[in-house]
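Please take a look at the chain shown below and follow a reading of it that moves from charged side chains to the interior and back to the surface.

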Amino acid sequence: MLQKTNPKTTIAERRMDLRYPDLGAACADIIRLREGGYELVGTWSLAQILDHLNMSMQMTIDGAEFTFPALLRPVMKLMFMPTMRKGKPSKLRGKAPKQLQPAFDLDEDACANRFYALAETLMDPSTPFVTHYPMLGRLNREQWLLMQQWHAAHHLSFVVPHA
């Protein structure tokens with residue numbers, strides 16, 4: 001969902017303030033982007049963005065085979081949780097861990113369909129979540145969902161709909 005902004009700002013600038021109230025809104029945005037066309041302002045294709053997000057969402061259910069150092073996780077949580085709660089974009093830029101790097105040759109339809117299915121699974125209150133995220137440590141259900149919504153908005157902000 002786009003926030004109210006100055007009408008003189010560009011669509012690309014407004015996408016940087018992208019927020020989703022839930023993963024269903026992210027799904028609806030992806031559908032609109034795919035139907036209406038888009039331009040990329042980042043280095044990954046839409047399929048790569050979705051593949052990365054899919055791996056992250058799958059970690060919510062299955063956990064991860066990697067973790068950040070124990071002393072770093074509480075610091076990262078203190079830094080990122082307020083930003084995520086406010087729905088603000090992160091000013092930090094970095095490379096995704098190699099375990100979450102997307103493949104190069106991906107089918108956009110397959111990646112989008114997997115995103116929709118994973119989003120539906122995560123929004124189902126009966127889906128059990130793991131207790132730890134590699135970068136932030138222990139998360140409850142609300143924090144997991146907040147993190148996934150924020151993460152989706154962050155990456156999908158680089159996909160700008162045609163005017």
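Within helix H2, Arg32 and Asp29 sit three residues apart, about one turn of the helix, and in this predicted model their side chains meet in a salt bridge with an N to O distance of 3.8 Å. Asp29 has a relative accessibility of 5%, and because buried means under 20%, this acidic partner counts as buried.

Helix H2 also takes part in a salt bridge that reaches across the sequence, for Arg34 pairs with Asp109, and the closest N and O atoms of the two are 2.2 Å apart. This pair links distant parts of the chain, since Arg34 belongs to helix H2 and Asp109 to helix H5, 75 residues apart. Both residues are partly exposed, Asp109 with a relative accessible area of 43% and Arg34 at 27% relative accessibility. The pair also belongs to a network of salt bridges in which Arg34, Glu108 and Asp109 are linked.

A further salt bridge joins Arg85 to Glu142, with 3.4 Å between the closest N and O atoms. Arg85 lies in helix H4 and Glu142 in helix H6, so this pair ties together parts that are 57 residues apart in sequence. Arg85, at 47% relative accessibility, counts as partly exposed, whereas Glu142, with a relative accessible area of 51%, is exposed. The count of salt bridges in the structure comes to four. As a general background, side chains of opposite charge can pair when their charged atoms come close.

It helps to place these helices in the chain as a whole. The protein chain holds six helices and four strands, and from the N terminus on its elements run α-α-β-α-α-α-β-β-α-β. Of its 163 residues, 44% count as buried. Among the contacts with a separation of 6 or more, 79% are between residues 24 or more positions apart.

Turning to the interior, which residues of the largest nonpolar core touch the most other members? This core has 45 residues, and those that touch the most other members are Tyr20, Met84, Phe115, Tyr133, Leu136 and Leu156. Helix H2 (23-36), helix H3 (46-62), helix H4 (72-86), helix H5 (108-123) and helix H6 (141-156) each supply at least two residues of the core. In general, nonpolar side chains tend to be buried together in soluble globular proteins. Met84 offers a local view of such packing: when its neighbours within four places in sequence are left aside, Met84 is in contact with Leu136, Leu146, Met147 and Trp150.

Trp150 leads on to the aromatic side chains, of which the structure holds two pairs. The rings of Phe80 and Trp150 have their centres 5.9 Å apart and their planes at 70°, and because planes over 60 degrees apart count as edge-to-face, the pair is described in that way. Phe80 lies in helix H4 and Trp150 in helix H6, 70 residues apart, and the pair thus links distant parts of the chain. Both Phe80 and Trp150 are buried.

The other pair is made by Tyr133 and Trp144, whose ring centres are 5.5 Å apart with planes at 85°, so this pair too is edge-to-face. Tyr133 lies in strand E2 (residues 132-133) and Trp144 in helix H6, so the pair ties together parts that are eleven residues apart in sequence. Tyr133 is buried with a relative accessible area of 9%, and Trp144 is likewise buried, with a value of 0%.

At the surface, the protein chain exposes about 9,200 Å², of which carbon and sulfur atoms supply 58%. Part of the nonpolar surface is a patch of about 230 Å² made by Leu72, Val75 and Met79. Leu72 lies in helix H4 and, at 34% relative accessibility, counts as partly exposed.

Finally, Arg138, in strand E3 (residues 137-138), is exposed, with a relative accessible area of 52%. Apart from its neighbours within four places in sequence, Arg138 is in contact with Lys77, Thr131, His132 and Gln143. Of these, Lys77 is 61 residues away from Arg138 in sequence, while the C-alpha to C-alpha distance between the two is 9.1 Å.

Technical notes:
Residues numbered from 1 in each chain as written. Predicted model: local features only at pLDDT ≥ 70, side-chain atom pairs only at ≥ 80, totals over all residues. Heavy atoms only, no water. Core = buried A, V, L, I, M, F, W, Y, C linked by side-chain atoms within 4.5 Å. Buried < 20%, exposed > 50% of the residue type's maximum accessible area, 1.4 Å probe, protein only. Contact = heavy atoms within 4.5 Å. Patch = residues over 30% accessible without salt bridge, like charges linked within 9 Å, V, L, I, M, F, W, Y side chains within 5 Å. Areas by Shrake-Rupley, 256 points an atom, 1.4 Å probe, with all protein chains shown as cover. Phe/Tyr/Trp six-rings, centres within 6.5 Å; stacked < 30°, edge-to-face > 60°.
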